[in-house]
Amino acid sequence: MKRVAILGHTGMVGSALVRRLQSEDADVELIGASSKEVDLCNLEQVSTWFKKFKPHYVFVAAARVGGIADNIEYPVEYMGENALIGLHTIMCSAQYGVEKLVYIGSSCLYPAHCIQPMTEEMILTGPFEPTNEGYAIGKLVGMKLAEYYRKEYNSNFITVLPCNLYGPNDDWSESGHVMASLVRKICDAKKNNLGEVVLWGTGNPRREFLHVDDCADACVVALKKYSDGMPLNVGSGEDLTIHELAISIAQAVKYEGKFIFNKSKPDGMQQKLMDVTRLTRLGWEPNISLSKGIKEMIHYYHTLA
Ligand code: GDP
């Protein structure tokens, strides 16, 4: 029996990995580690945890995450916590003989003015987007360390780079990501008969969205089939503007008010679209369309209320 550790198993990506691995036929024991059980920013605690559980496979899904506004406000925490989580979990995985590790990075690791769609070779070919620079530098530590362990010690450690994710256990607060924030704002406007909804920025930036269950499935495929020093993009391969996303959500909830664009808020990167050729070559494709995912998000939001 193989022991599979999901570090950050109560988060959005981690809990999706738990759901995905529970449906796996193989004989696996899942071990979760949330911040309540082990502080991943504390090396001694991480080391004690690895010594106790000695997992065969590790998914590093734990991270400090949040939307564009939170990233701008707390760069110290975004950089510091993510760098420490990457360092500690990867170093201890090597020390305790982990057979394979999947480090979950982010499309934020691409340069601000990256050619689109972004291929894995384009990482570090230019400066990061300033609105998420702290997060990107923090996550870069884990990605590079995994790559160095592979080169120097032959460790089978890989990095996956998901696009913008959404789904169960999303953050519905003001500091959350754009999908949950727009679903919340538009559903609230519909419920309260408001004539307008304020969107941040110009509405023109293009984003690629993926349901977190699809992301978890791709991470498991990567664990089984991908062993390369080059990170692996995980996305749907399709993007749309923030304004188009808002219109799709409005149509799904039959909201007929208008959108106001608060241009004093940042746009972030103008476009973030992954080239998913490598992932497609592994025989993977997404299962949940954007329109189905939007309906699901609206349903979750209503069940919360
Ligand atoms: P995210 O905040 O992590 O989803 O970050 P991104 O860097 O992908 O940017 C989200 C884009 O959506 C930016 O262009 C924002 O200006 C725009 N946006 C519009 N309204 C909102 C909102 O209410 N919340 C968030 N997070 N982004 C918004």
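**Close-up 1. His 177, Val 178 and Arg 207 meet oxygen atoms of the ligand.** In this predicted model, an N or O atom in the side chain of His 177 sits 2.6 Å from an oxygen atom of the ligand. Arg 207 also takes part through its side chain, where an N or O atom is 2.6 Å from a ligand oxygen. With Val 178 it is the backbone that counts: one of its polar atoms lies 2.9 Å from an oxygen atom of the ligand. On its own the ligand would expose 540 Å², and the protein buries 96% of that area.

**Close-up 2. A shell of 18 residues surrounds the ligand.** If you would like to find the closest ones, look for His 177, Lys 185, Arg 207, Pro 266 and Asp 267. Which helix gives the largest share of the shell? That is α6, with four residues. Helix α6 spans residues 178-191, and it and β7 (196-200) each supply at least two shell residues. By character, the shell holds eight nonpolar, six polar and four charged residues.

**Close-up 3. Asp 239 in the loop between β10 and β11.** The two strands on either side of this loop are β10 (232-234) and β11 (240-241). Is Asp 239 buried or exposed? Its relative accessible area is 18%, and the cut-off for buried is under 20%, so Asp 239 counts as buried. Two side-chain partners are worth picking out here. Gln 271 makes a polar contact of 2.6 Å with the side chain of Asp 239, and the side chain of Arg 206 joins that of Asp 239 in a polar contact of 3.2 Å. Leaving aside residues up to four places away in sequence, Asp 239 touches Arg 206, Arg 207, Glu 208, Gln 271 and Leu 273. Arg 207 in this list will be familiar from the ligand view, where its side chain comes 2.6 Å from a ligand oxygen.

**Close-up 4. The largest nonpolar core, with 69 residues.** In soluble globular proteins, nonpolar side chains tend to be buried together. Here, the residues with the most contacts inside the largest core are Leu 7, Leu 17, Phe 50 and Phe 59. Helix α7 (residues 212-225) contributes most to this core, giving nine residues. Apart from this core lies another, of 25 residues, including Ile 186, Cys 187, Ile 242 and Ala 250.

**Close-up 5. Phe 50 and the residues it touches.** Setting aside residues up to four places away in sequence, Phe 50 touches Leu 7, Pro 55, Val 58, Thr 89, Cys 92, Ser 93, Tyr 96 and Val 98. Leu 7, like Phe 50, is among the residues with the most contacts inside the largest core.

Conventions:
Residues numbered from 1 in each chain as written. Predicted model: local features only at pLDDT ≥ 70, side-chain atom pairs only at ≥ 80, totals over all residues. Heavy atoms only, no water. Near = heavy atom within 4 Å. Polar contact = N/O pair within 3.5 Å; in protein donor to acceptor, adjacent residues only side chain to side chain. Areas by Shrake-Rupley, 256 points an atom, 1.4 Å probe, with all protein chains shown as cover. Nonpolar A, V, L, I, M, F, W, Y, C, P; charged D, E, K, R; others polar. Core = buried A, V, L, I, M, F, W, Y, C linked by side-chain atoms within 4.5 Å. Buried < 20%, exposed > 50% of the residue type's maximum accessible area, 1.4 Å probe, protein only. Contact = heavy atoms within 4.5 Å.
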